[in-house]
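Work through the exercises below with the sequence and the 3D structure at hand. Try each task before reading its solution.

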Amino acid sequence: MTDMLKVSIWRGREDGALQTFDVPRRDNQTVLDVVTYIQRSLDPTLSYRFSCRVGMCGSCAMQVNGRARWTCRTHVSKVVDGDALEIRPLSNLPVVKDLVTDMAPFFDKWAQAKGQFKGTATRKDDFARVSPDSPMRRLANAAIECIGCGVCYSACDVVSWKPDYLGPAAMNRAWTLINDERDGARRERLEAVAGDAGCHACHTHMSCTEQCPKQLSPTASIAGLKRTVAGAVLKGEL
Amino acid sequence: MSARAQVWLWIAQRASAAVLALCVLVHLVLMIYAVRGGLSAGEILGRTRGSVGWLAFYGVFVAAVAVHGPIGLRNILTETFGWRGAGLNLGVGVVGVALLFWGGRAVFAVFTG
Amino acid sequence: MRNDARARSHPSYWAFIVHRVSGLLLTLFLPFHFWALGQALNGEAALDGFLRWTSQPLVKVAEIGLVVLLAAHLTGGLRLLALEFLAWRDWAKTLIAIAAGLSVAAGLAFALGL
């Protein structure tokens, strides 16, 4: 007789309800395995996202027992509460259906924070020489591995409390570009991340750092932005 | 309120925090020392009456609190109730002025008492 | 969809709550504190009269609470200043523990002196 899991899954849109399924428990089972089993064997109308299923793309991010995770990299045995799992879509984003959220606001804020590299060199110029040991490059490298999965954005309560708050991922990316000596949009980027909707609204909850599947620290990046923006304002550069 | 003004609020909050760190440390040590075995008006006023040093210390303390408190309150009100704009800024500004007035009165009271 | 307590059960979040609640309570306490000290304007006897009221046990307990709140807000604030202004270190969690410890120590020192 196999052990069974009691899996509650969010169905519907913003208003909806949890629906419970009985799922056979297996060794080395991930939460993504559980969701896939439900959709293929129990209820084909369940909607969810996944892609690589090996922890590289971030598409399968969902809330499991209250915390946002990559479901393909989350073993059931690590998170199960007795025999219960509760699976919801990411917080702070519009729910399209069931476990699928609209990621547009997340990426819109990425753009608002000027999270794009602005080159200043032409094809006629020589390569930029950036030492990987330089202080700025070390700071950029510490934050560069973000794949835009949205877990930190879901984890952040300031995003919940202030709808126009740019959020940890967008500002983490801005920080990597501020520390990129080749970039030419420093002033616009500092302006973009300043103030109540920007880095100064971060209260160091550190839920983002706590939940980032790549162990990045958006809190550290945002602290860097706070210092840099304040310094620029004090020097009259902003 | 412009983004630059909001940055100035953040700077003021951190600067007043640094000032308060020193003031509160002194105040806490003093309170722990002074309240041992009871407290009397004579003890307090004996220290503060006519003392320009304590007047200056508590004056700076009150000024820093009048900056630090309202800015913190502003964040709490925005994040809890979603208030923003001129009304909120005016409201916390009034709180700041009130703290400055009542605190200044208290500092004056123990200087002249 | 919003987060619930399960996403908030980690030390840095508790540190935030302590800092926010202590700040709010201290701000609410201050007008009363200023009014009490302002009694000196009515003479030393008036201030003494008020201080006699504070010798009640419940008030003493409240005073210990206030000392802990103030120490907690101070040490939590120092932790924040360190996190924001010093180059980032991984001992952030240790800072919380130190802050908590110092706050309790301050409260105890005050209480034991009574």
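Two residues are in contact if their C-beta atoms, placed from the backbone, lie within 7 Å. This is a predicted model, where local features need pLDDT of at least 70, side-chain atom pairs count only at pLDDT 80 or more, and totals for chains, interfaces and linings use all residues. Residues are numbered from 1 along each chain as its sequence is written, while chains are lettered from A and ligands numbered from 1 in the order in which they are written.

**Exercise 1. The two domains of chain A**

Task: Find how many residues of domain 1 of chain A are in contact with domain 2 of chain A.

Solution.
- Start with the bounds. Domain 1 of chain A covers 4-101 and domain 2 covers 104-234; such bounds come from an automatic or database domain assignment.
- Now count. Domain 1 of chain A brings 13 residues to the contact, and domain 2 of chain A brings 14.
- Look for elements. Helices (H or I, at least four residues) and strands (E, at least two) are DSSP runs, numbered from the N terminus. On the domain 1 side, strand 3 (61-64) and strand 4 (67-70) of chain A each supply at least two residues. Strand 4 of chain A has the largest share, 4 residues.
- Sort by class. Ala, Val, Leu, Ile, Met, Phe, Trp, Tyr, Cys and Pro count as nonpolar, Asp, Glu, Lys and Arg as charged, and the others, Gly among them, as polar. The domain 1 side has 6 nonpolar, 4 polar and 3 charged residues.
- Finish with the spacing. Taken over C-alpha atoms, the centres of the two domains of chain A are 29 Å apart.

**Exercise 2. A helix pair in chain A**

Task: Say how helix 3 of chain A and helix 7 of chain A are oriented to each other.

Solution.
- Take the angle. Helix 3 (residues 104-112) and helix 7 (residues 168-178) of chain A pack at about 30°, with axes 8 Å apart. Axes are lines fitted to C-alpha atoms, for helices over the stretch in contact, and angles run from 0 to 180 degrees between N-to-C directions.
- Apply the cut-offs. Angles under 35 degrees count as roughly parallel, over 145 as roughly antiparallel, 65 to 115 as roughly perpendicular and the rest as oblique. Helix 3 and helix 7 of chain A are therefore roughly parallel.
- Name the partners. Lys109(A), Trp110(A) and Gln112(A) of helix 3 meet Ala169(A), Ala170(A) and Arg173(A) of helix 7.
- Class them. The contact has 3 nonpolar, 1 polar and 2 charged residues.

**Exercise 3. A helix pair in chain B**

Task: Describe the packing of helix 1 of chain B and helix 3 of chain B.

Solution.
- Helix 1 (residues 3-34) of chain B and helix 3 (residues 52-81) of chain B pack at an angle of about 140°, with axes 9 Å apart.
- That angle makes helix 1 of chain B oblique to helix 3 of chain B.
- Residues of helix 1 of chain B in the contact include Leu9(B), Leu20(B) and Cys23(B). Those of helix 3 of chain B include Phe61(B), His68(B) and Ile71(B).
- By class, the contact has 12 nonpolar, 3 polar and no charged residues.

**Exercise 4. Where chain C meets chain B**

Task: Which helix of chain C gives the most to the side that touches chain B?

Solution.
- Count both sides. Chain C gives 29 residues and chain B gives 30.
- List the elements. Helix 1, helix 2 (44-53), helix 3 (57-85) and helix 4 of chain C each supply at least two residues.
- Pick the top one. Helix 1 of chain C gives the most, with 10 residues.
- Class the chain C side. It has 20 nonpolar, 6 polar and 3 charged residues.
- Zoom in on one pair. Helix 2 of chain B and helix 2 of chain C pack at about 130°, with axes 9 Å apart. They are therefore oblique to each other.

**Exercise 5. Confidence**

Task: Which element of chain C has the lowest mean pLDDT?

Solution.
- Recall the scale. pLDDT is the predictor's confidence in each residue, from 0 to 100.
- Take the chain first. Chain C averages 88, and 96% of its residues score at least 70.
- Then its elements. Helix 4 (residues 92-112) of chain C has the lowest mean, 77, and helix 1 (residues 11-38) of chain C the highest, 95.
- Turn to chain B. Its mean pLDDT is 92, and 100% of its residues reach 70 or more.
- Close with the model scores: ipTM 0.91 and pTM 0.94.
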